[in-house]
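Student: I am new to this structure and should be grateful for a close look at a single part of it. Could you please take me through the sheet, and then place it beside the other features that have been computed?

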Amino acid sequence: MTLSTSGPFPPLILDDVRGAQKMLSGVARTTGMEGSRHLGSLVGAPVHFKCENLQRTGSFKLRGAYVRIAGLSPVERAAGVVAASAGNHAQGVALASSLLGVRSTVFMPVGAPLPKVAATREYGAEVRLHGHVVDETLAAAQEYAEETGAVFIHPFDHPDIIAGQGTVGLEILEQCPEVRTIVVGIGGGGLAAGIAVAVKALRPDVRIVGVQAAGAAAFPPSLAAGHPVALDSVQTMADGIKVGRPGDLTFSLVQELVDEVRTVSEDELSSALLLCLERAKMVVEPAGASPVAALLSDPKSFRGPVVAVLSGGNVDPLLMQRILTHGMVAAGRYLSLRLRLTDRPGALAALLATLTVADANVLDISHVRTDPRLGLTEAEVELHLETKGPEHCEDVATALRDAGYLVRL
């Protein structure tokens, strides 16, 4: 099966992906497939996780990077390689280069998570911090390539990269031959395009659904326009899919082969990451949790069996802490509120007694008496509570109102 592409590259075919799979033997892991009973009950059909978060370097990116660098000529290898990435592609290029004995320089955004920066250095790359978004970092890396002669390793828009990522699709078909829907996160589109090339050639009946963060969703307007469209700004916690413009090659493949592209909110990403941690015992970064967010947002719209690709697990612990708190709030597990009470002995104790009866756990409390907006005999209390879900949040608020408190959520 030959698929049309635009630009200077030859068409990508299934044989390219199969060749990449042979090249990656002994280099990339064949990552496992884990079932999710919770998501399966919501979807009404089996749901499996393709665990690329357990791949070497913590993401699928090693696959494409190794295939690309392994295909360089001896002269090109001698010149070294350069890449730009928020973290996962950086680590993939660094490890692939080290395995192949090639010098690598990696440009990363100034705000890249420190664990990803440290890991990239440990894999053997020289790291240079430049720009605040991937597109700025990308431009700096391309300029470096022109100045030094180093070969630029694009994070997604090259046939070798796409073929390498497509090996994930071959593994899915081998591990779950009955699959009917594959859900995969999309940034620049390399992983989705590669999976689509492999899967549609062998199983054209399988539906492929791409997922983007709503704050960095360049594919929906691009697909509507019929060509890649650059976003004016991108804003999402999911740095792995924080890309402002689709690649020319990946766009053409996604346009032709991916059945649908959906978007998910930051709250949905947080809830998905929390679910992966709590229910599946999987450490997944926000980009890797995007397929789970799509399943949670509209579970009945997916035909099963479903495979959700957990594309990466490289998450900064500090970001993880913030995301988990955000996810707990989105899931109704935290409740923040303010209320006023009469400033007299025993008033705070009475409030806490009401919360005890409502079975809410107080995490933090702030008691203010000196705000000029308060009356002479008033005090304001700000509470952060641990709750058991949205219904319990309503029950707690109702209990406080029934006790005579004016509650502001």
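Tutor: What follows is an account of the sheet, followed by an aromatic pair and the empty spaces. The model is a predicted one, and the description should be read with that in mind.

The sheet is open and consists of six strands, arranged in the order E1-E2-E10-E7-E8-E9 with mixed pairing. In general terms, the strands of a sheet are paired through hydrogen bonds of the backbone, in a parallel or an antiparallel sense. At the edges of this sheet stand strand E1 (33–35) and strand E9 (260–264); each has a single partner strand, so one side of each has no neighbour in the sheet. From one strand to the next, the twist averages 25 degrees.

Strand E10, which spans residues 306–310, deserves particular attention. In the order of the sheet it stands between E2 and E7. Its pairing with strand E2 (residues 47–51) is parallel and extends over five bridges. On that side, Cys51 stands opposite Leu310 in E10. With strand E7 (residues 181–185), E10 again pairs in the parallel sense, here over three bridges. There Val183 is found opposite Ala308 of E10.

How far is strand E10 enclosed by the rest of the structure? Five of its five residues are buried, so the strand is largely enclosed. As a general matter, side chains in a regular strand point alternately to the two faces of the sheet. In E10, one side carries Val306, Ala308 and Leu310, while the other carries Val307 and Val309; all of these are buried, and both faces are thus covered. Two of the residues already mentioned, Ala308 and Leu310, therefore belong to one side of a strand that is covered on both faces and largely enclosed.

Towards the other edge, strand E8 (residues 207–213) runs parallel to E9 and is joined to it by five bridges. Within this pairing, Ala213 stands opposite Val264 in E9.

Beyond the sheet, a search of the whole structure yields two aromatic pairs. One of them is formed by Phe219 and Phe251, which are stacked, with 6.4 Å from centre to centre and 20 degrees between the planes. Phe219 belongs to helix H10 (residues 219–225) and Phe251 to helix H11 (residues 248–257), so the pair ties together parts that are 32 residues apart in sequence. Both Phe219 and Phe251 are buried.

The empty spaces complete the picture. There is one cavity of 30 Å³ or more, and the largest cavity holds about 350 Å³ of space. It is lined by 29 residues, and those closest to its centre are Phe60, Lys61, Gly240, Ile241 and Val243. At least two residues of this lining come from each of helix H5 (88–100) and helix H9 (190–202). By class, the lining of the largest cavity comprises 11 nonpolar, 13 polar and five charged residues.

The largest pocket contains about 340 Å³ of space. Its lining has 15 residues, and Gly111, Ala112, Pro113, Asp239 and Lys242 lie nearest its centre. Helix H14 (residues 317–330) provides the largest share of that lining, namely three residues. Nine residues of the pocket lining are nonpolar, two are polar and four are charged.

Methods:
Residues are numbered from 1 along each chain as its sequence is written. This is a predicted model: local features need pLDDT of at least 70, side-chain atom pairs count only at pLDDT 80 or more; totals for chains, interfaces and linings use all residues. Side-chain values use heavy atoms; hydrogens and water are left out. On a 1 Å grid over the protein atoms alone, a cavity is a set of points where a 1.4 Å probe fits but cannot get out, and a pocket is an open set with protein on both sides within 12 Å along at least five of seven lines; lining residues have an atom within 4 Å of a point. Grid points are joined across faces, edges and corners, and a volume is the space filled by probe spheres set on the points. Helices (H or I, at least four residues) and strands (E, at least two) are DSSP runs, numbered from the N terminus. Ala, Val, Leu, Ile, Met, Phe, Trp, Tyr, Cys and Pro count as nonpolar, Asp, Glu, Lys and Arg as charged, and the others, Gly among them, as polar. Rings of Phe, Tyr and Trp (its six-membered ring) pair if their centres lie within 6.5 Å; planes under 30 degrees apart count as stacked, over 60 as edge-to-face and the rest as tilted. Buried means under 20% relative accessible area, exposed over 50%, partly exposed in between (1.4 Å probe, protein chains only). Two strands pair if DSSP finds at least two bridges between them. Axes are lines fitted to C-alpha atoms, for helices over the stretch in contact, and angles run from 0 to 180 degrees between N-to-C directions.
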